[in-house]
Amino acid sequence: MATLQLHNITKRFGDTEVIKGINLEVNDREFVVFVGPSGCGKSTLMRMIAGLESATDGDILINGQRINDVGPADRGLAMVFQSYALYPHMTVEGNMGFSMRLAGVPKEERRAKVLEAAKILQLEPLLDRKPKALSGGQRQRVAIGRAIVRNPSIFLFDEPLSNLDAALRVQMRIELARLHDELDATMIYVTHDQIEAMTMADKIVVLHDGVVEQVGSPMALYHHPCNRFVAGFIGSPKMNFLPVTLTGVAPGGVGVRLPGGGERSIPVDGTHLEESATLELGVRPEHLVLDEQGPLSGEIKVLERLGGQTSLYVQMNDELITIMADGDVAYRVNDTVHFGFAPERAHLFGADGLALPSLQQHPLAGLTRHDNRGPGAPSEEPA
Amino acid sequence: MTKTRASGRTVGGLRTLSLQAPAVTLLLLWMIVPLGMTLWFSFQYYNLLMPGMTGFAGLENYEYLLTDPALWKSMGNTLLLVGWVLAITVVGGTLLAVLFQQDFAGRGIARVLAISPFFVMPTVSALVWKNMMMHPSNGVLAWLAESFGLPAVDWFSSLPLTSIVIIVAWQWLPFALLILLTAMQSLDEDQVEAARMDGAGPVAIFFFITLPHLRRAISVVVMIEMIFLLTIFAEIFVTTSGGPGLATTNLAYLIYIRALLDFDVGTASAGGVIAIILANIVAIFLVRMVAKNLED
Ligand SMILES: Nc1ncnc2c1ncn2[C@@H]1O[C@H](COP(=O)(O)OP(=O)(O)OP(=O)(O)O)[C@@H](O)[C@H]1O
Ligand SMILES: [Mg+2]
């Protein structure tokens with residue numbers, strides 16, 4: 001049982017303000033992922049939660065208690081570092097039991113707890129090894145094990161998988177998700193990786209330059225980004241942006257003229273738009289469809305065949321548009337393609353970068369990872 | 001493929017052996033000739049005060065030396081000197097390294113000042129200590145003692161070996177500090193933070209994280225200092241001249257006494273050979289220990 005609240009947290013290093021007033025609510029047993037470009041303050045924010053860095057201003061509350069002045073060891077948190085930060089001169093068992101050793105827990109009890117955690121992480125055969133004699137994935141598991149034995153109310157992970165190779169990353173990702181279910185713990189997770197964020201999170205927090213751009217479920221961020229930054233950041237490859245001109249606002253949507261001359265009505269709320277507003281249309285590469293009658297066209301500059309899919313990079317006026325098309329399309333470089341999109345798949349952004357709100361919520365927008373389990377699956381571990 | 005046998009190796013058409021030869025020969029002569037001569041003299045009657053008495057002495061020089069209480073006394077002094085200086089410099093150096101790793105105003109200057117004694121010549125620093133610090137009437141320590149109403153200590157006559165240890169430790173502490181400070185800087189900050197999250201306070205971090213991390217550097221300090229401390233001479237020469245009695249005579253100084261004060265080259269050479277053996281015994285243990293530490 002652990003909740004976390006941040007109230008107007010700021011952090012200054014000397015004169016530079018790195019975190020500029022963050023408010024956040026983390027619910028019990030939630031898996032929250034912080035994403036954002038490099039240097040946006042993800043690690044700093046996490047370190048403030050951990051107590052390794054003091055907040056310049058604002059309150060940090062765990063279970064409603066203000067803990068700004070509580071030391072890192074006494075907050076009931078455990079952190080897994082990107083570099084693992086294992087103690088090189090201690091065995092795996094020594095590493096995992098270190099916190100208990102400091103707390104004066106008797107040896108047998110310590111060993112029992114370490115064994116318990118080792119079992120969850122399949123580390124039992126490695127308990128007597130030093131970190132040097134472990135593979136990257138094993139080290140990562142030891143670092144996680146060190147966190148587990150502390151039985152923390154909140155787990156903090158700072159890019160824990162970024163030093164692993166792709167295959168191991170997938171495996172550890174699944175393992176972490178399983179661990180989250182098994183331990184029923186609140187977890188906060190920092191990552192650069194889109195896929196990690198989308199697949200593991202109950203809630204994603206998009207940070208940019210020390211402010212929260214948007215908080216929401218992965219599907220909500222994907223389908224209803226609140227501004228151009230989030231739209232461009234979530235989703236891979238990146239969303240395409242096209243300048244469009246406003247032709248009219250109707251109750252059913254906003255009419256825009258596309259660069260090629262065609263007109264479309266996008267089902268978003270344009271009631272506050274001014275006559276001469278400059279707008280930008282955003283469509284994800286996977287939502288652009290090749291279509292001889294499509295309103296948009298351009299010349300293929302680069303063509304990447306991935307087998308199942310083909311990425312087309314199409315020059316249209318000054319923009320390079322990315323299209324995810326079927327793997328079997330027969331186009332070649334320098335061919336001209338026509339393409340279009342379903343209006344309900346498109347987003348409109350005003351001059352201030354904010355998205356015009358969709359008239360219709362995407363049916364999956366409220367979904368979290370836990371909702372992916374079918375109705376037949378037990379929602380809790382069987383007793 | 002060119003042959004890579006050392007003697008036949010060619011680089012740019014030149015045979016490298018001819019280029020290496022001068023250096024190798026010089027080093028070899030440098031080592032072999034004195035060693036050979038020492039060994040040779042140690043088996044000879046060779047006393048400059050008794051020019052008539054020459055010839056093969058067998059083991060008589062050694063016998064004379066090994067039954068001489070001065071040898072055992074000086075060997076004991078050597079070990080005491082080395083042991084104490086090592087203890088002081090390693091413990092002090094570690095603590096200072098931790099201290100100087102902290103952030104404080106003027107840290108850069110403080111570091112330079114702390115390291116500077118290492119650059120003072122041994123003779124000079126010993127003289128400074130003798131005449132300005134430990135002098136029973138003019139010394140800073142005497143003045144300090146008097147200002148607290150305590151009697152001044154005549155360091156070199158009442159605590160001679162302690163005085164030498166203090167002077168030598170003062171010179172070598174900066175060396176230990178320098179090496180250990182460098183090692184400190186390679187300590188992974190994440191590890192310290194992980195330990196903090198695990199509930200370690202400053203003391204626990206020192207013993208469980210910092211000290212194990214410094215282990216290699218400490219063994220390097222011990223090895224290098226040992227090599228130099230076994231042959232301490234200048235500090236003794238300019239302060240106590242090995243006295244009072246034999247209180248501060250170490251092996252190096254004993255050899256000096258035999259050779260240049262008693263003019264007994266034969267016995268002095270035998271002393272030299274014993275010093276070499278002692279140094280090698282120490283070195284074997286030391287190299288074992290260090291090598292083991294460097295391995296893991
Ligand atoms: N101790 C410090 N002193 C001064 N500036 C700092 C300090 N630590 C971090 N910063 C600055 O704060 C900003 C945020 O750093 P932070 O490490 O939180 O970024 P991040 O989002 O974790 O980036 P990345 O994804 O690359 O890890 C950066 O601009 C960084 O230069
Ligand atoms: Mg970071």
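Helices here are DSSP runs of H or I with at least four residues, and strands are runs of E with at least two, numbered from the N terminus. Hello everyone, with that in hand, let's start with chain B. This is a predicted model, where local features need pLDDT of at least 70, side-chain atom pairs count only at pLDDT 80 or more, and totals for chains, interfaces and linings use all residues. Residues are numbered from 1 along each chain as its sequence is written, chains are lettered from A in the order in which they are written, and side-chain values use heavy atoms, leaving out hydrogens and water.

An unreviewed UniProt entry lists transmembrane regions in chain B, including residues 79-100 and 217-238; such annotations may be inferred rather than shown by experiment. In the model, residues 217-238 of chain B are 82% helix and 0% strand, with end C-alpha atoms 32 Å apart. For residues 79-100 of chain B, the figures are 100% helix, 0% strand and 30 Å.

Now, the interface. How many residues does the contact take from each chain? Chain A gives 24 and chain B gives 17, counting heavy atoms within 4.5 Å as contact. Together the two chains bury about 1,700 Å², 61% of it on carbon and sulfur atoms; that is accessible area (1.4 Å probe) lost on being put together, summed over both.

Two salt bridges cross this interface, a salt bridge being a side-chain nitrogen of Lys or Arg within 4 Å of a carboxyl oxygen of Asp or Glu. A:Arg150 and B:Asp198 form a salt bridge, at 4.0 Å from N to O. Thanks for listening!
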